[in-house]
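Hi,

Here is the structure I promised to pass on. Have a look at it first, and my notes on what turned up are underneath.

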Amino acid sequence: MATTITLTGAGGQIGYALLFRIAAGDLLGPDEKVRLRLLEIPQGLKSAEGAALELQDGAFDLLEDVEVTDDAAVGFDGCNLALLVGARPRGPGMERAELLAANAGIFGPQGRAIAENAADDVRVTVVGNPANTNALIAATSAEGVPAERFTALTRLDENRARAQLALALDAPVSSIRFVPIWGNHSATQFPDVSRATVDGRPVVEALSERVGDVRTWLEDAFIPRVAKRGAEIIDIRGSSSVASAANATIEHVRDWVHGTQECTSAGVVSRGEYGVPEGLVCSFPVDFIDGNWRIVEGLEIDAWSRARIDASVAELVEERDAVRALGML
Ligand code: NAD
Ligand code: LMR
């Protein structure tokens, strides 16, 4: 049986970067047939229809069917995997939270449409910003679907953190392991190097030989670079990240479906782990096992890290309260 994948914002930039990788088997592997549902708003339909024609021309062996629609009931019908990408991106000088008012209204109706139409095993990944709070809205609106089936993408932040460490240490990125992201997909996020390794050696030890005082380097260079990388891309490209976001989305969903060998990062619903208020969608270190995620528990958090996690969690609380005030939760 083919897996039905619904992509919202399929006529947009990330959509275009995702569709062909999914059809080529990068998401679910070379043996899994896929059915694609391309959900757009009326203004985006032509672009999604064009992508659908190109999908035909790709003659992908794994692609059973493509349907383009602006009707959420059709778009989520029988959906096993939902990728909620469709939302406005920010422009230069904006923070992602400024998109709340523009985008929050999308995720309530889509959560409801998922609850009414998707398959029983549906798994939802929210990419559209602000991703954590949009995931919270969608999960809250999807009555009857367990909140655990909704995640927000922070894998891009983890990839950025690993890449920056590789550059600083002049090491291959593949040698850098375990750099979880805590908190919000925003400038307050905390990329945590405390247990990271380079070729099995503690990253902090290796950094001390190259950057002088490690704490100062983390505070002044590494953390801001990773947390504000989205803005850096926007300033240089003129529009927000696309291929790297699509790549991280593929990795996130592939790991969720197939499982991880080692811990990664995802925005998932808190049940009070690490003191994060219950119900918030917060990025944690997670393991993906048998189609489920599990927060890695029992990690010791020092006071310096705790302050950073708390600041990001406080921002998530503010975002939640803002959408509550807008009547969307
Ligand atoms: P884009 O403007 O190129 O495409 C967005 C598409 O979504 C458009 O085609 C638009 O018509 C469609 N859309 C809008 N509302 C919709 C709705 N209700 N239903 C279905 N489709 C709808 O933008 P993009 O570059 O593809 O970015 C999409 C989102 O992803 C933005 O919010 C961006 O900030 C976010 N993003 C998140 C991450 C992350 O790591 N979480 C990374 C990059 C971008
Ligand atoms: C990113 O991290 O690149 C995206 O969230 C887009 C943005 O607004 O920064």
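One term before the rest: I call a residue buried when its relative accessible area is under 20%, exposed when that is over 50%, and partly exposed in between. Please also keep in mind that this is a predicted model.

Aromatic rings

With that cut-off, Trp182 is buried, and Tyr274 is buried too. These two rings make an edge-to-face pair, because their centres are 4.9 Å apart and their planes sit at 85°. The pair ties together distant parts of the chain, 92 residues apart: Trp182 belongs to strand β8 (residues 181-182), while Tyr274 is in the loop between β12 (264-269) and β13 (281-289).

Overall the count comes to eight aromatic pairs. Another one of them is Tyr16 with Phe20, again edge-to-face, at 5.2 Å centre to centre and with 70° between the planes. This one is local: Tyr16 and Phe20 are four residues apart in helix α1 (residues 13-23), which means about one helical turn separates them. Tyr16 is partly exposed, as its relative accessible area is 42%. Together with Phe60, Tyr16 and Phe20 form one aromatic cluster.

Cysteines

How many disulfides does a search of the whole structure find? Zero. Take Cys263: the nearest cysteine sulfur is that of Cys282, and it is 14 Å away. A disulfide would need the two sulfurs within 2.5 Å, so Cys263 is in none. Cys263 is buried at a relative accessible area of 13%, and Cys79 counts as buried with 0% relative accessibility.

Helix α2

Helix α2 (residues 45-57) has 13 residues, and at 1.5 Å a residue these should span 18 Å; the end C-alpha atoms are indeed 18 Å apart, so the two agree. Which residues of α2 are buried? They are Leu45, Ala48, Ala51, Ala52 and Leu55. Since they cover an arc of only 120° around the axis, they lie on the same side of α2. What they pack against is α1, β2 (34-39) and β3 (63-69). Lys46, Leu53 and Asp57 are exposed on the other side of α2; note that a leucine is listed there. Just after the helix, Ala59 takes a positive phi of about 45°.

Helix α11

The same length check works for helix α11 (residues 303-325): its 23 residues should span 33 Å at 1.5 Å a residue, and the end C-alpha atoms are 32 Å apart, which agrees. The buried residues of α11 are a mixed set, with Trp304, Ile309, Val313, Leu316 and Val323 among them. The list also includes Ser305, Ser312, Glu315, Glu319 and Arg320. What covers these buried residues? Among the elements that do are α4 (100-117), α5 (131-141), β8, β9 (190-191), α8 (214-227) and β13. Strand β8 is where Trp182 of the aromatic pair sits. Just after α11, Gly327 has a positive phi of about 75°.

Strand β13 and its partners

β13 is mostly covered, with eight of its nine residues buried. It runs antiparallel to β12, and six bridges join the two; in this pairing Val269 stands opposite Val281. β13 also pairs with strand β14 (residues 292-295), antiparallel as well, over four bridges, and there Phe288 is opposite Trp293. β13 and β14 make a hairpin with two residues between them, and Asp290 in the turn has a positive phi of about 50°.

A three-strand sheet

Finally, there is an open sheet of three strands in the order β7-β10-β11, paired antiparallel. Which strands stand at its edges? Those are β7 (176-177) and β11 (201-202); each has a single partner strand, so one side of each is left without a neighbour in the sheet. Strand β10 (residues 197-198) and β11 are joined by two bridges, and Thr197 stands opposite Pro202.

That's what I have for now.

Cheers

Technical notes: Residues numbered from 1 in each chain as written. Chains lettered and ligands numbered in written order. Predicted model: local features only at pLDDT ≥ 70, side-chain atom pairs only at ≥ 80, totals over all residues. Heavy atoms only, no water. Phe/Tyr/Trp six-rings, centres within 6.5 Å; stacked < 30°, edge-to-face > 60°. Buried < 20%, exposed > 50% of the residue type's maximum accessible area, 1.4 Å probe, protein only. Expected span 1.5 Å × (residues − 1). Arc of directions from axis to C-beta. Contact = heavy atoms within 4.5 Å. Pairing = 2+ DSSP bridges.
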